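Got the model open in your viewer? Let's click through it one stop at a time.

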Amino acid sequence: MPQSEAKKLAETTKLTGSVFERLTAGLPRLRETLRIAVLYNGDRQSPGAVIHQTHNPRSEKSYRPVAEDIAEALRNNGFRHVMLLPDDMTLAERLRQESIDIAWLNTAGVQGYDAVAHTPSLLEMAGIPYVGHRPLLAVTLDNKQVFKRECAGLGLPTPAFMVWDGVWGKLDPENEPRFQTAFRGYRGPFVVKPVTGRASQHVHFVPDYAGLTAAVDEVYRRTLNQVLVETFVGGPEYCVAVGGKVISRGGKLEQLAQPLVFSALERLLEPDEAIFTSMDIRPITQDRTRLLGPADGKTYDELVRLARAVHGEFQLRALVRLDIRADSDGRLHILEANPKPDLKRPDDKRTSLVCVGLGVHDMSYEDLILSQLMDRLEHYLRNRPAAVHHIAERL
């Protein structure tokens, strides 16, 4: 390592003794100088976005409106240099041209089967720190079978499941050894869903064996990707969000003893809903949720425990939302993790699940966004100083 780089790294490392205090004191300087890019899904049909269009197992969505909400919140927090950039093949050059200091991942990738890992990989290669999950963790959280296998290995409760790939042909549950091993005589009901996706699209409730083959075929036809089959857990359905230890409350930074668990809620199902309908069909409104708190006793306590267990065991460095459901005995089971939960700014018509409970913590939408940025920077400064020496210099 050249002497100048070694000196810079040594000086940056000195910050780790009192990172939070230095970060708080340096916040006005960061607001004036930090150049932030909020990234949204690029359009693979745009000229120059890709070399060849291939397949995207996810339904197409740009996420730009939410990126605009995030950018607006950053500006409202006093950051002067915030811009939106599309996530596509041109991104690396745009980051260089705009002298970006840090990026915010509000993108799931443009195309390909593990697209959620493409942009964090590119950013790490380019040396740009980011708000979001590192590549391997992004795929682990996003891919339902990988996440559930990890949960099972860690002893975290999740419904029994198996994965079927359409390249194997049609699923015959009566005679498929994988199926019989996974479900051990259980005959339904089931839930069939893509291993990756968004907004609960292409998720099917299947009462028994009779409908499984057709449901699996349909999901594979839509996604050309692996299909998850799991036991249906028929009790109340819950969500809970978990972030970091550095939060903003009323614009003032605080450092908590444990990761913040918030917006623990029950998703209220309509009489015709065995599973939650896609938000693309039935938008999420306040009357579709019931906020939980300590008064809800064991259920609330277990939601908090599971959220903190996932945060700790998976070593999360960015926000996630967990979808959890109770069985007939009230035991909670983790269904999946959402590594890029919807961060839409709430209005009088719609909200996002992670924003429902912010008021309980005396936090606004602006506080939520500032919390994520500052928690990520604190982690970099304390544990990965070489990745942010260009930011640490300003502190």
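Here is a short tour of a strand, a core and a helix pair.

Before you start, this is a predicted model: local features need pLDDT of at least 70, side-chain atom pairs count only at pLDDT 80 or more, and totals for chains, interfaces and linings use all residues. Residues are numbered from 1 along each chain as its sequence is written, and side-chain values use heavy atoms, with hydrogens and water left out.

**Stop one: a strand.** Select β6, residues 190-194; strands here are DSSP E runs of at least two residues, and helices are H or I runs of at least four, numbered from the N terminus. Five of its five residues are buried, so β6 is largely enclosed by the rest of the structure. Buried means under 20% relative accessible area (1.4 Å probe, protein chains only). F190, V192 and P194 point one way, V191 and K193 the other.

Now add β7 (residues 204-206), antiparallel to β6 and joined to it by three bridges; strands pair if DSSP finds at least two. β8 (residues 227-231) is also antiparallel to β6, with five bridges. Click V192: H204 in β7 stands opposite, and so does V229 in β8.

**Stop two: a helix pair.** Show α6 (residues 135-142) and α7 (residues 144-154), whose axes (lines fitted to C-alpha atoms over the stretch in contact) are 5 Å apart at about 95 degrees. The two helices are therefore roughly perpendicular, a label for angles of 65 to 115 degrees. T140, L141 and D142 in α6 meet K144, V146, F147 and E150 in α7, where contact means heavy atoms within 4.5 Å.

**Last stop: L74.** Among the residues L74 touches are I36, F79, W104 and L373.

Notes: Axes fitted to C-alpha atoms, helices over the stretch in contact; angles between N-to-C directions. Parallel < 35°, antiparallel > 145°, perpendicular 65-115°, else oblique. Buried < 20%, exposed > 50% of the residue type's maximum accessible area, 1.4 Å probe, protein only. Lists of a residue's contacts leave out its neighbours within four places in sequence.
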